[in-house]
Amino acid sequence: KISMGIVGSSNTFLMKGPSPGAPLLEIVEEGHRLEIIGKKDIWLQVMWDGEVAYIRESNLLPVQL
């Protein structure tokens, strides 16, 4: 089962690790769809442009497929 989510707010940070101190990978806008591949605390592990990224769970709206 593949879980998907939609970025729920503009200027959302995608991080290279599950921490606010991790390097910033990208700033994305509302409406991007991301594949969720894991979870660590308040962070969701997602695929972004072929690489693993982390987004705060509160910034991603789950999509029921």
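Accessible areas come from the Shrake-Rupley method with a 1.4 Å probe. On this basis, the protein chain exposes about 4,200 Å². Carbon and sulfur atoms supply 50% of that area. The structure is a predicted model.

The protein chain contains seven strands and zero helices. From the N terminus on, its elements run β-β-β-β-β-β-β. The radius of gyration is 10 Å, close to the 11 Å that the globule rule gives for 65 residues, so the chain is as compact as a globular protein of that length. The C-alpha trace spans about 30 × 20 × 20 Å along its principal axes. Of the 65 residues, 32% count as buried.

Contacts were then examined by their separation in sequence. Among those between residues at least 6 apart, 44% join residues at least 24 apart. Charges were also located. The protein chain carries 6 positive and 8 negative charges. The mean positions of these two groups are 7 Å apart.

Thr-12 is found in strand S2, which covers residues 12–15. Its relative accessible area is 2%. Buried means under 20%, so Thr-12 is buried. A polar atom of the Thr-12 side chain lies 2.6 Å from the backbone oxygen of Ser-9. Residues up to four places away in sequence aside, Thr-12 touches Val-7, Glu-26, Ile-27, Val-28, Ile-55 and Asn-59.

Asn-59 sits in the loop between strand S6 (51–56) and strand S7 (60–63). Asn-59 and Ser-9 are 50 residues apart along the chain. Their C-alpha atoms, however, are separated by 6.5 Å. With residues up to four places away in sequence left out, Asn-59 touches Ile-6, Val-7, Gly-8, Ser-9 and Thr-12. Val-7 thus appears among the contacts of Thr-12 and among those of Asn-59.

Two loop residues have a positive phi without being glycine: Asp-41 and Asp-49. Asp-41 lies in the loop between strand S4 (33–40) and strand S5 (43–48). Its phi is about 55°. The relative accessible area of Asp-41 is 60%. Exposed means over 50%, so Asp-41 is exposed. Asp-49 is found in the loop between S5 and S6. Its phi is near 55°. At 73% relative accessibility, Asp-49 also counts as exposed.

Conventions: Residues numbered from 1 in each chain as written. Predicted model: local features only at pLDDT ≥ 70, side-chain atom pairs only at ≥ 80, totals over all residues. Heavy atoms only, no water. Helix = DSSP H or I, 4+ residues; strand = E, 2+ residues; numbered from the N terminus. Rg over C-alpha atoms; globule rule 2.2 N^0.38 Å. Buried < 20%, exposed > 50% of the residue type's maximum accessible area, 1.4 Å probe, protein only. Contact = heavy atoms within 4.5 Å. Lys, Arg positive; Asp, Glu negative; His and termini not counted. Charge placed at Lys NZ, Arg CZ, Asp CG, Glu CD. Polar contact = N/O pair within 3.5 Å; in protein donor to acceptor, adjacent residues only side chain to side chain.
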